[in-house]
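Work through the exercises below with the model open. Each task is followed by its solution.

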Amino acid sequence: MYGPVRHLRQCLLLHKSWKINLWNSIQAGCGWRKSLQYTSRCFSDGNECPESCDVLVVGGGAIGSSIAYHLKERARGDLSVVVIERDTTYKQASTVLSLGNIRQQFSVAENIQLSMNSMKFLKEVHQRLAVEGFDPPDLQFTPRGYLFLALEDYVEQMRENFRLQMELGAEVEWLWPRELELKFPWLQVGNVAAAVLGTNNEGWFDPWSLLTLLRRKAVSLGAVYVSGAVTGLHHQVLTPADHLHNPHTTLTTAIVRLQSGEMKEVRFSTVVVAAGAWSGALGRLAGVGNGPGTLSTPIPVEPRKRYVYCVHAPDGPWDDCPIFNDYTGVHFRPERSSNKLYLCGMSPPECAEPPADDLEVDHQFFYTNIWPVLAQRVPAFENLKVHSAYAGYYDYNTFDQNLIIGFHPVFTNMCIATGLSGHGIQQSIAVGCAAMECILDGRPHSINLERFSFDRILANKPLKEKMVM
């Protein structure tokens, strides 16, 4: 029995929509790879909900499923793991609505390492996530690299990022304007002063396939998935004197509303907050963000809506086209070679964030903010047509847009793994491993993620990316 889990088990014993027509538009219009065509498809999670478990993971997307997989792969039968997922169709899940891009170009060392470790795993996915009786794993990874552009004023920052990436072992290449013109003749270099291009360890893969493989492997190892929503989190009842002498406590029970409407109590030793965009709301169920003292500080994660536009450009670049990132924030990449389709988007400025209470698409946003930049940078995009569009959620960390990982300082058996703000799918494997190490070993050690703990929020010390989306 693992030390931290044994202690928490003792504590436990002591305290006994996404619209259908829009979804069809994604399928028919964007031509997402065949594995994504699942309008009526969903996972068959049972309503058999265990009364207790060692680890309760709230959120069954890529992060939660990666955590479940890593826990069961390491501990096997010594640890019971239950995953609560409220939407087995995943129609609004950030995981399957993401572009599935992966890169190593960051300015924060931990992000570089997280993506590098994830990429290493993805290259071994055919061995690591294979399950007897199923087809060999295939993520359809396309190694095209990321291309980041910089103006003169930002060259030094880009150079600093580049040096760090090289020091940590990332495969990146520095390009001056003339080299850019020779390598990508379709690109209008203009006022670009420098660029960095990733190589074979950057590109894109199929998010739905990764989710399917992680879930399937976790279940094959004994993880239990339950269709339901957590509606409450209960903790030990402490007296005012307890609070005075010991500010720490533990959560003991989750209230789960099953798909059938039945309410269940699930006791646990450890609970994992992996609810993506809804992690802040989940924390509030335990009093994180609406309690006294340290508990007045919320988990600063909320849903932020982002648009993806699928465009048809018959003359657009294809064979050598990387994932393109303009300094304005506009990005695009190829999607389907047979139809010359491209996926593009842009995050709005903070002052122009759209409401996140629905997934309606603002089509004018493309014509006003994205198309002019595309056409200026790649003249072939002057002749394009919007084929379809959709919206999805970022699990947006409003504090510094980076991962929050580790145990909460008050609820010492609440492990937080959320807030990746658009980096979730590409770092999900390494984050799952880090959360596993937190739970079984007390802290992440494959990568030192101390700077990503909740403590930085309490200390008001944001750790922001520089010049990187």
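**Exercise 1.** Classify Tyr 367 and its ring partner Phe 366 by burial, then classify the ring pair.

Solution. Tyr 367 has a relative accessible area of 40%, so Tyr 367 is partly exposed; buried means under 20%, exposed over 50%, and partly exposed in between, with a 1.4 Å probe and protein chains only. Phe 366, at 0%, is buried. The two ring centres are 5.3 Å apart and the planes stand at 85°, which makes the pair edge-to-face. Rings of Phe, Tyr and Trp (its six-membered ring) pair if their centres lie within 6.5 Å; planes under 30 degrees apart are stacked, over 60 edge-to-face, and the rest tilted.

The model is predicted: local features need pLDDT of at least 70, side-chain atom pairs pLDDT 80 or more, while totals for chains, interfaces and linings use all residues. Residues are numbered from 1 along each chain as its sequence is written, and side-chain values use heavy atoms, without hydrogens and water.

**Exercise 2.** Classify the pair Tyr 307 and Tyr 309, and place the pair in its cluster.

Solution. The centres lie 6.1 Å apart with the planes at 55°, so this pair is tilted. Tyr 307 is buried at 10% relative accessible area, and Tyr 309 is buried at 1%. Ring pairs join Tyr 307 and Tyr 309 with Phe 365, Phe 366, Tyr 367 and Trp 371 in a cluster. The structure holds 18 aromatic pairs.

**Exercise 3.** What two values describe a pair of aromatic rings?

Solution. They are the distance of the centres and the angle of the planes.
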